[in-house]
Amino acid sequence: MNPSQSKTALVVGAGIAGASVCYALSKQNIKTILLEQESSAAKKASGNPIGVVYPFLTKHKTPESEFSLLAFQYFLELWESLEFGQRVPHVDGIHFLLDSNSAYDRYSHSLLSHCIPETLACLSKEPNSNLDALLFPEGKAVSPVLLTKELIRIANPMEHYNSKLLSWEMSDANGNLICHTEKEILNVDYLFLTQGYQFFTDPKLEWIPMKQVRGQIVEIPSSMFQNQISILYGDYLTAEIGGKRVLGASFDEFHLEEETRPKETFDLWNGLQSKLPNLLKNWEKIDIQNFDTRVSFRTQSQDRHPIVGKLPNLSRLDTSIKYQNLFRKNAKTFEIPYYETVGILNGLGSRGLTHALLAAEILVCDILSQSINISETIRKALKPDRFLLRKWKRDELT
């Protein structure tokens with residue numbers, strides 16, 4: 001029997017990140033407990049009615065763009081193999097407007113530098129505006145809620161809702177993890193922290209530079225516009241799913257009130273009218289105050305890239321000048337101790353739907369010391385210890 005089959009993992013957070021980790025663990029036949037402080041899955045950012053799936057690309061290859069493209073391809077592979085299309089509401093196709101010379105230059109070159117086949121992305125014209133666009137034929141508008149819940153259904157973890165992780169520590173006796181929740185104490189072999197901005201309550205994560213970002217979306221009746229696929233232009237207007245479209249999304253990292261803001265609805269509406277005036281003939285006749293709005297909070301890392309990997313153990317990190325100078329003297333990077341059975345998947349920002357599945361696979365393989373066909377350059381760009389290394393280079397750890 002595979003030794004991992006007798007192990008138990010606790011996954012904290014039942015959004016798209018936690019659901020993706022549960023799925024990756026199910027492939028390893030690891031008994032999994034999913035812990036969520038809300039009453040059900042996909043209540044926070046993953047609770048938006050419609051989200052978009054497409055890769056982040058740069059003019060020239062970077063670790064972040066290479067990861068994003070691989071994650072998009074991995075998403076599409078699982079979409080087919082798990083037959084999500086039969087159970088998760090979606091519309092294929094995304095037009096990403098290239099409405100400036102710099103945007104056209106960036107994305108036209110990205111197709112060449114990343115060797116992207118036309119089946120995945122190609123230059124096109126957005127029919128409503130006749131503007132140049134990058135077309136992702138298999139990009140998707142999807143229901144994040146139903147995608148998250150479908151992943152959980154397939155993974156089949158033990159679901160514990162209305163319960164929050166209060167603290168956790170390593171057991172001195174057998175090396176297991178003791179996890180204190182609001183309702184019980186759980187002894188597990190592995191711990192995966194995916195709880196979005198709720199990480200603020202965990203003192204072992206305080207050093208990671210992450211923050212909340214507030215976003216507001218507007219729900220628009222499907223009959224109002226006729227675009228057959230989603231359009232991205234800085235903001236986005238999705239295709240119709242379930243009788244509505246979504247216009248989004250605002251971005252605020254400083255003012256984080258949960259109440260909706262009429263001004264943001266107004267700004268999103270005016271931005272859409274300015275960018276795509278041909279979508280509607282009588283813009284002025286629409287009373288936007290009747291539109292439903294929703295506020296949610298994403299978690300964003302300092303460099304806006306995902307945080308994926310084993311969690312460094314700062315309690316065992318020697319930050320003395322003497323110790324660190326030994327490494328500088330020999331032109332080596334200082335050694336970072338880890339919690340070998342604790343992983344983190346966080347900081348997905350606005351691209352959680354695209355990135356979560358591959359990030360979860362990388363994380364689970366890392367914790368189980370299994371190989372995965374991902375370059376070391378990409379893995380280093382995702383690891384949480386990158387922030388410690390930057391502090392070390394700036395002499396900020398001593």
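This is a short chat about how some labels in this predicted model are earned.

Mentor: Quick ground rules: the model is predicted, so local features need pLDDT of at least 70 and side-chain atom pairs count only at pLDDT 80 or more, while totals for chains, interfaces and linings use all residues. Residues are numbered from 1 along each chain as its sequence is written, and side-chain values use heavy atoms, with hydrogens and water left out.

Trainee: What makes R87 and E150 a salt bridge?

Mentor: The label needs a side-chain nitrogen of Lys or Arg within 4 Å of a carboxyl oxygen of Asp or Glu. For R87 and E150 the closest N and O atoms are 2.4 Å apart, so the pair qualifies. R87 sits in the loop between α2 and β4 (90-97) and E150 in helix α4 (residues 144-155), so parts 63 residues apart in sequence are tied together.

Trainee: Why is E150 called buried?

Mentor: Buried means under 20% relative accessible area, exposed over 50%, and partly exposed in between (1.4 Å probe, protein chains only). E150 has 9% relative accessibility, so it counts as buried. R87, at 33%, counts as partly exposed.

Trainee: What about E340 and K310: which is buried and which is partly exposed?

Mentor: K310 is buried, with a relative accessible area of 15%, whereas E340 has 43% relative accessibility and counts as partly exposed. Their side chains also meet in a salt bridge (2.4 Å, N to O).

Trainee: And what makes D105 and K59 a salt bridge?

Mentor: Their closest N and O atoms are 2.7 Å apart, so the pair passes the cut-off too. D105 counts as partly exposed at 28% relative accessibility, as does K59 at 29%.

Notes: Helices (H or I, at least four residues) and strands (E, at least two) are DSSP runs, numbered from the N terminus.
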